[in-house]
Amino acid sequence: MEPLYLKILNDLKKKIFDGELRPGDQLPTEKELSETYKVSRITSKRALSELEKNGLIERTRGKGSFVKKFENKVTNKKILLVLPFTDDFALGNLSESILSVTQEANYELSIVTHNYLNDITITELQNNFDGIICYANNDNQHLDLLFTLNQTNFPTILL
């Protein structure tokens with residue numbers, strides 16, 4: 001059985017991704033969510049905090065929570081390449097192959113390991129990059145983040 005805050009979180013995510021809640025729309029208050037889901041206000045607050053942490057909503061004290069407008073504010077064209085390794089010659093020089101294509105299209109390529117995704121928010125990714133290419137590893141650690149990016153129409157490639 002999933003924690004109660006996750007039920008609220010997943011329900012609100014679904015409404016955002018399905019377009020039932022559109023950018024700029026106000027979400028129910030903590031109190032309204034607690035009454036609807038019959039949970040404590042702390043539980044509803046946690047769900048809203050997680051949505052904010054994931055970059056899906058903006059919260060303003062005294063005004064409420066609103067679905068975030070997804071805008072890419074990048075002026076330089078940048079692609080983030082996420083690899084589970086720095087060099088693995090068994091796979092060939094993957095980063096060099098991708099680098100040649102991105103340079104030809106006038107994109108800057110930033111290469112990082114999966115650890116980078118532990119310390120960055122969805123909003124920061126969207127504001128600093130035009131797209132992400134992620135070489136998945138076995139732990140599926142960042143699939144939620146990649147799914148959310150994809151759902152916000154952020155160019156996402158999973159290898």
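What follows is a chat between two colleagues about this predicted model.

Colleague: Before we get into details, in which helix is confidence lowest, and in which is it highest?
Modeller: Overall, the protein chain averages a pLDDT of 83, and 86% of the residues score at least 70. Helix H4 (residues 94–104) has a mean of 70, while helix H2 (residues 30–37) reaches 95. So the lowest is H4 and the highest is H2.

Colleague: What pattern does the protein chain follow along the sequence?
Modeller: There are six helices and six strands to place in the protein chain. Reading along the sequence, you get α-α-α-β-β-β-α-β-α-β-α-β.

Colleague: And what share of the residues in the protein chain is buried?
Modeller: The cut-off here is under 20% relative accessible area. The accessible surface of the protein chain comes to about 9900 Å², with 48% of that belonging to carbon and sulfur atoms. Out of the 159 residues, the buried ones make up 36%.

Colleague: How much of the contacts with a separation of 6 or more comes from residues 24 or more positions apart?
Modeller: Take the contacts in the protein chain with a separation of 6 or more as the whole set. Residues 24 or more positions apart account for 65%.

Colleague: Let's look at the hairpin. Which residue in the hairpin of E1 and E2 takes a positive phi?
Modeller: Strands E1 (residues 57–60) and E2 pair in the antiparallel sense, over four bridges. Thr60 stands opposite Gly64 in E2. Three residues lie between the strands, and the one with a positive phi, near 85°, is Gly62.

Colleague: Which side chains of strand E2 are buried?
Modeller: Along E2 (residues 64–67) the side chains alternate between two faces. Gly64 and Phe66 point to one face and are not buried. Pointing to the other face, the buried ones are Ser65 and Val67.

Colleague: On to charges. Which residue forms a salt bridge with Asp11?
Modeller: The structure holds three salt bridges. In this one, the closest N and O atoms are 3.2 Å apart. The two residues are four apart in helix H1 (residues 4–17), so about one helical turn separates them. The partner of Asp11 is Lys7.

Colleague: Are Asp11 and Lys7 buried, partly exposed or exposed?
Modeller: Buried would need under 20% relative accessible area, and exposed over 50%. Asp11 is at 24%, and Lys7 has 39%. Both values fall in between, so Asp11 and Lys7 count as partly exposed.

Colleague: Which helices does the salt bridge of Arg41 with Glu30 link?
Modeller: In the salt bridge of Arg41 with Glu30, the closest N and O atoms are 3.7 Å apart. The pair links distant parts of the chain, 11 residues apart: Arg41 sits in helix H3 (residues 41–53), and Glu30 in helix H2. That makes the linked helices H3 and H2.

Colleague: Is Glu30 buried or exposed?
Modeller: Remember that the cut-off for buried is under 20% relative accessible area. Glu30 has 17% relative accessibility, so Glu30 counts as buried.

Colleague: Which residues do the salt bridges that share partners join into one network?
Modeller: Arg59 forms a salt bridge with Glu30 too, the closest N and O atoms being 2.7 Å apart. This pair connects strand E1, where Arg59 sits, with helix H2, across 29 residues. Shared partners give one network of Glu30, Arg41 and Arg59.

Technical notes: Residues are numbered from 1 along each chain as its sequence is written. This is a predicted model: local features need pLDDT of at least 70, side-chain atom pairs count only at pLDDT 80 or more; totals for chains, interfaces and linings use all residues. Side-chain values use heavy atoms; hydrogens and water are left out. Buried means under 20% relative accessible area, exposed over 50%, partly exposed in between (1.4 Å probe, protein chains only). Two strands pair if DSSP finds at least two bridges between them. pLDDT is the predictor's confidence in each residue, from 0 to 100. Contact means heavy atoms within 4.5 Å. Accessible areas come from the Shrake-Rupley method with a 1.4 Å probe; for residues, only the protein chains shown count as cover. A salt bridge is a side-chain nitrogen of Lys or Arg within 4 Å of a carboxyl oxygen of Asp or Glu.
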